[in-house]
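Reader: I'm new to reading protein structures and would love a close look at one small part of this one. Could you walk me through it and show me how it sits in the rest of the chain?

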Amino acid sequence: MRYLKTHYDPFANPSDEESWSETGICGTYLNDGNSTNDKDLVSCKKCIKRFDKADAEVLTARLQELKDMQGFVDFMNETKNK
Ligand SMILES: [Zn+2]
């Protein structure tokens, strides 16, 4: 069996099997179990090189999520006050 590198998938959620991204941050297609969101376990050199970029992307995505959530809360409050 071919040795599979472990790629970095910052959006992976170990408690949710459906949450894997399609590709790692290096662009490699991910099969089940060859990605992790734990940097210590990543063995793909391309992914390791992109940790900083990935972190920036994760931060942007998280901020966007928060903004969306705040937008939803604002919307609910507005609806309530009518
Ligand atoms: Zn990789």
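**A close look at Lys-5**

Author: Let's start at Lys-5, which is found in the segment before strand S1 (7–8). Before going further, please keep in mind that this is a predicted model. The mean pLDDT of the chain is 85, and 83% of its residues reach 70 or more.

How open is the spot where Lys-5 sits? A residue is called buried if 20 or more other C-beta atoms lie within 10 Å of its own, and exposed if 12 or fewer do. Lys-5 has 16 C-beta neighbours inside 10 Å, so Lys-5 counts as partly exposed.

Now for its company. Leaving aside residues up to four places away in sequence, Lys-5 touches Asn-34, Ser-43 and Cys-44. Another residue to find is Val-42: the C-alpha atoms of Lys-5 and Val-42 are separated by 7.6 Å, although the two are 37 residues apart along the chain.

Let's follow Val-42 for a moment. Again not counting residues up to four places away in sequence, Val-42 touches Thr-6, His-7, Tyr-8, Thr-36, Cys-47 and Ile-48. Two of those partners, Tyr-8 and Cys-47, join Val-42 in the largest nonpolar core, together with Ile-25 and Ala-54; that core has 5 residues in all. Across the chain of 82 residues, 13% count as buried.

It helps to place these residues on the overall layout. The chain has 2 helices and 2 strands, and from the N terminus on they run β-β-α-α. Strand S2 (residues 35–36) has the lowest mean pLDDT among the elements, 89, while helix H1 (residues 45–49) has the highest, 96. Contacts between distant parts of the sequence matter to this picture: of the contacts with a separation of 6 or more, 49% are between residues 24 or more positions apart.

Finally, look along helix H2 (residues 51–80). This helix has 30 residues and reaches 43 Å from its first C-alpha to its last, close to the 44 Å expected at 1.5 Å a residue. Just 1 of the 30 residues of H2 is buried, so the helix lies largely in the open. Val-58 has its place in H2 and, with 14 other C-beta atoms within 10 Å, is partly exposed. Like the pair we met earlier, Val-58 has a distant partner in sequence: Pro-10 is 48 residues apart from Val-58 along the chain, yet their C-alpha atoms are separated by 7.0 Å.

Conventions
Residues numbered from 1 in each chain as written. Predicted model: local features only at pLDDT ≥ 70, side-chain atom pairs only at ≥ 80, totals over all residues. Helix = DSSP H or I, 4+ residues; strand = E, 2+ residues; numbered from the N terminus. Contact = placed C-beta atoms within 7 Å. pLDDT = per-residue confidence, 0-100. Core = buried A, V, L, I, M, F, W, Y, C linked by C-beta atoms within 7 Å. Expected span 1.5 Å × (residues − 1).
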